[in-house]
Amino acid sequence: MAVDSSLAGRAFPATEPYTVSVEKLREFAAATGSDFDGGTAPATFPIVVAFQAMTALMQDPEVGIELHRVVHGEQRFTYTRPVVAGDTLRAALTVDSLRQIGGADIIGTRSEITDADGLPVCTAYATLVHRSPAEEPADADR
């Protein structure tokens, strides 16, 4: 079953606050093979907060997305300012677009990441590809 087309334009509540620490930045850099010299966060670090927002989208039972049918199709970030240790960040996700192609739902999302004062820090754009169960091969459960 395709995701309900009324999902396009829907906004989700902001995530719980996430405080960025030097330890978390070092762990992220080590896990991703990126650089962290104690200054600004690696460029893709905001995915930590944006992923919380995407998870809330995928876990909403009204949306109809099944996580095991999702492929992360694209990710990009636009910055207002760099992320640094001590920031407390939240992400508010909006579904910008939804279209169906070849039995898959192509879901475009935008997560506005703000600091503790509600000021913009970064926008994370993602494309999620949700495969319809009808497109699953007959022997997929084997």
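How many of the 11 residues of strand E4 are buried, and what does that say about where the strand sits in the structure? Let me take that as the way in, and say at the outset that what we are looking at is a predicted model. Eight of the 11 residues of E4 are buried, so this strand is largely enclosed by the rest of the structure.

To see what surrounds E4, it helps to begin with the sheet. Five strands make up an open sheet, and if you read across it the order is E1-E3-E4-E5-E2, with antiparallel pairing. The edges of this sheet are E1 and E2, the latter covering residues 70-79, and each of these two pairs on one side only. As a general point, the strands of a sheet pair through backbone hydrogen bonds, which can be parallel or antiparallel.

Strand E4 has a partner on either side in that order, E3 and E5. With E3 the pairing is antiparallel and runs over 11 bridges, and with E5 it is again antiparallel, over 11 bridges. Ile106 is a good residue to fix your eye on, because it is the bridge partner of Arg99 and also stands opposite Val129 in E5. The turns on the two sides of E4 can be described in the same breath: the hairpin of E3 and E4 has two residues between the strands, and Gly102 there takes a positive phi near 55°, while the hairpin of E4 and E5 has five residues between the strands, with Gly118 in the turn at a positive phi of about 80°.

Out at the edge, E1 is joined to E3 by two bridges, and these strands run antiparallel. In that pairing Tyr18 stands opposite Leu89 in E3. Just ahead of E1, in the segment before the strand, we find Thr15. Is Thr15 buried or exposed? Thr15 is buried, with a relative accessible area of 8%, which falls under the 20% cut-off for that word. Once its neighbours within four places in sequence are set aside, Thr15 is in contact with Val49, Gln52, Ala53, Arg90 and Ala91.

Let me turn to the helices, beginning with H1, which spans residues 22-32. Leu25, Phe28 and Ala29 are buried in this helix. Why do these residues lie on the same side of H1? They cover an arc of only 100° around the axis, and this is what puts them on the same side. On the other side of H1, the residues Glu23, Arg26, Ala30 and Ala31 are exposed. As for what the buried residues meet, they pack against H2, the helix at residues 47-59.

Right after H1 comes Gly33, with a positive phi near 70°. Gly33 belongs to the loop between H1 and H2, and at 66% relative accessibility, over the 50% cut-off, Gly33 counts as exposed.

With helices and sheet in place, we can ask which residues have the most contacts inside the largest nonpolar core. That core has 33 residues, and the ones with the most contacts inside it are Leu7, Phe45 and Leu57. At least two residues of the core come from each of H1, H2, E3, E4 and E5, and H2 gives the largest share, namely six residues. If we follow Leu7 and leave aside its neighbours within four places in sequence, we find it in contact with Phe12, Leu57, Val63, Val95 and Leu98.

One more residue deserves a look, and that is His130, which lies in strand E5. His130 is buried, with a relative accessible area of 1%. A polar atom of its side chain lies 3.1 Å from the backbone nitrogen of Glu66. Not counting residues up to four places away in sequence, the residues that His130 touches include Val3, Gly64, Ile65, Arg69 and Val70, and also Gly103, Ala104, Asp105 and Ile107.

I will finish with the annotation, which comes from a record and not from the coordinates. UniProt, in an unreviewed entry, places the feature "domain: FAS1-like dehydratase" at residues 10-123. Over those residues the chain is 21% helix and 36% strand, and the end C-alpha atoms are 17 Å apart. Another distance across the model is that from Gly33 to Thr123, which are 90 residues apart in sequence and 22 Å apart in space, taken from C-alpha to C-alpha.

Key: Residues numbered from 1 in each chain as written. Heavy atoms only, no water. Helix = DSSP H or I, 4+ residues; strand = E, 2+ residues; numbered from the N terminus. Buried < 20%, exposed > 50% of the residue type's maximum accessible area, 1.4 Å probe, protein only. Contact = heavy atoms within 4.5 Å. Core = buried A, V, L, I, M, F, W, Y, C linked by side-chain atoms within 4.5 Å. UniProt positions renumbered as here; feature names shortened; annotations may be inferred. Arc of directions from axis to C-beta. Pairing = 2+ DSSP bridges. Polar contact = N/O pair within 3.5 Å; in protein donor to acceptor, adjacent residues only side chain to side chain.
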